[in-house]
Amino acid sequence: MDIEDWSEFDLDTRAVRAGQHRSAEGEHSEAIFPTSSYVFASAAQAAARFAGTEPGNIYSRFTNPTVRTFQDRLAALEGGEACVATASGMAAIYATCAGLLKSGDHIVSSRSIFGTTTILFSNYLGRFGVETSFVPLADLEAWERAIRPATRLLFVETPSNPLTELVDIRALAELARRKGCLLVVDNCFCTPALQQPLALGADIVIHSATKYLDGQGRCVGGAVVGDRERVGKEVYGFLRTCGPSMSPFNAWVFLKGLETLGLRMRAHCEQAGQLAVWLEAQPEVERVYYPGLASHPQHALAGRQQSGFGGLLSFEVKGGREAAWRVVDATRVMSITANLGDTKTTITHPATTTHGRLTDEQRAAAGISQGLLRVAVGLESVRDLQNDLARGLSA
Ligand SMILES: *Cc1c(COP(=O)(O)O)cnc(C)c1O
């Protein structure tokens, strides 16, 4: 059972099995270890652990067996040498930047990233002398033009939220290598079940485990996956010193989430695909954004880069904000919330929520119209979801 190299096994097997080390009790399901510290057999052993000459647990801000199982399992899924779990997705992004960058360094990031990540880069990292330039996601020439001698890190989310735009990860990784920067991919929307950025040349993968890794909306958590040196030493070193570590309870919930990841992602893709096709046929709908549709401008790239098209779609209704709000308010099944990656379908009006703080010009540049709605398709019956939207569309 104690397999160290999972590379010969398929993703679904790794998701269920990787990282587990049974205790002497022979438990079948992974154990939770709710302990803040660990005891030593002798003064000499304590000294050796603290000196780092003997491996082993000292304190749960550094290591915890349940957290380690989650880390090893996610590393096996992403194909990384090392994984560190964090208290949230934002802690994963911050730990990566704080662990690898210093004052004077420069980041190039795609513009259409998670709003809080934009604030982290602009308002907080900026204070410590790390500057960020934002570029349009799919424009490789803009990425290249934005890179300076001080650029250390390229940061990207693909597909983007809410418009499901993609970037060619392989091409961006090649640019990063040529310019001597690291490519960091926030793989929240695809998860390793649909997209494996490290195999495409990226250096580091970020996760908000809060989304599809849990998949049932229960816990907040995150992770950084990559090589032994940068992630295993540098990012981990920041984490054990500064402290946004994952709790063993949350790690256990995420472990259970990972066991059904492949199954759930296939179902999310299937459901979103069906809903996208149906939406495209509705006369009240102006346009549907979903990489699985032949009408998506990057449908071919999505087919090459991803093994599924994801659970996220957006669409524009005719009639602007009034018509869009009517659709939201007529739903009975979908949850009106900005969260995603849940078995429960969620519906959002980006222009007045996630993108509400932008100026009209910024919103127009980002392609967020007043008629745009985003749906993170869950696992309820597709027929019921269609009826839920049809009520507001035909009102
Ligand atoms: C939610 C999210 C985050 C932040 O994760 P938290 O767990 O909420 O801190 C980062 N990136 C993306 C793409 C997200 O959707």
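**Exercise 1. The two domains**

Work out how far apart the C-alpha centres of domain 1 and domain 2 lie in this predicted model, and how many residues each domain brings to the contact.

*Solution.* Start with the boundaries: domain 1 covers 11-259 and domain 2 covers 261-394. Next, take the C-alpha centres of domain 1 and domain 2, which are 27 Å apart. Then collect the residues in contact: domain 1 gives 34 residues and domain 2 gives 36 residues.

**Exercise 2. The area between the domains**

Find how much area domain 1 and domain 2 bury between them, and which residues of domain 1 lose the most area to domain 2.

*Solution.* Begin with the total, which is about 2800 Å² for domain 1 and domain 2. Of that area, 58% falls on carbon and sulfur atoms. Now look at the domain 1 side by residue: L163, L194 and Y212 lose the most area to domain 2. Together, L163, L194 and Y212 make up 27% of what the domain 1 side buries.

**Exercise 3. Polar links and the domain 1 side**

Count the salt bridges and the residue pairs in polar contact between domain 1 and domain 2, then describe the side of domain 1 that touches domain 2.

*Solution.* Take the charged pairs to begin with: there is one salt bridge between domain 1 and domain 2. You can find a salt bridge between D12 and R266, whose closest N and O atoms are 3.1 Å apart. D12 falls within the bounds of domain 1 and R266 within those of domain 2. Moving on to polar contacts, the count between the two domains is 16 residue pairs, both residues being at pLDDT 80 or more.

Now turn to the helices on the domain 1 side. At least two residues come from each of α7 (169-179), α8 (191-194) and α10 (248-259). The most come from α8, with four residues. Finally, sort the residues of this side by type: 18 are nonpolar, nine are polar and seven are charged.

**Exercise 4. A five-stranded sheet**

Give the strand order of the open sheet of five strands, name its edge strands, and find the bridge partner of T348.

*Solution.* Walk across the sheet and you meet β8-β9-β12-β11-β10, with mixed pairing. At the edges are β8 (285-289) and β10 (335-336), each of which pairs on one side only. Now zoom in on β11 (residues 346-348) and β12 (residues 372-376): they run antiparallel and are joined by three bridges. For T348, the bridge partner in β12 is R374.

**Exercise 5. A link between distant parts of the sequence**

Explain why the salt bridge between E30 and R73 ties together parts that are 43 residues apart in sequence.

*Solution.* The structure holds 19 salt bridges, and here we pick the pair E30 and R73, whose side chains meet with an N to O distance of 2.7 Å. Place both partners: E30 is in the loop between α1 (11-17) and α2 (43-51), while R73 is in helix α3 (residues 65-78), so the pair connects parts 43 residues apart in sequence.

**Exercise 6. The loop between β4 and α7**

Inspect the backbone at P159, P162 and T164, and say what you find at each residue.

*Solution.* Go to P159 to begin, in the loop between β4 (151-157) and α7. The peptide bond from T158 to P159 is cis, with omega near 0 degrees. Step along to P162, which also has its place in the loop between β4 and α7. Here the bond from N161 to P162 is cis, with omega near 5 degrees. End at T164, found in the loop between β4 and α7. Its phi is near 55 degrees, a positive value in a residue other than glycine.

Definitions and conventions. Residues are numbered from 1 along each chain as its sequence is written. This is a predicted model: local features need pLDDT of at least 70, side-chain atom pairs count only at pLDDT 80 or more; totals for chains, interfaces and linings use all residues. Side-chain values use heavy atoms; hydrogens and water are left out. Domain bounds come from an automatic or database domain assignment. Contact means heavy atoms within 4.5 Å. Buried area is the accessible area (1.4 Å probe) that two parts lose on being put together, summed over both. A salt bridge is a side-chain nitrogen of Lys or Arg within 4 Å of a carboxyl oxygen of Asp or Glu. A polar contact is a pair of N or O atoms within 3.5 Å; within protein, one must be able to donate a hydrogen and the other to accept it, and residues adjacent in sequence count only if both atoms are side-chain atoms. Ala, Val, Leu, Ile, Met, Phe, Trp, Tyr, Cys and Pro count as nonpolar, Asp, Glu, Lys and Arg as charged, and the others, Gly among them, as polar. Two strands pair if DSSP finds at least two bridges between them.
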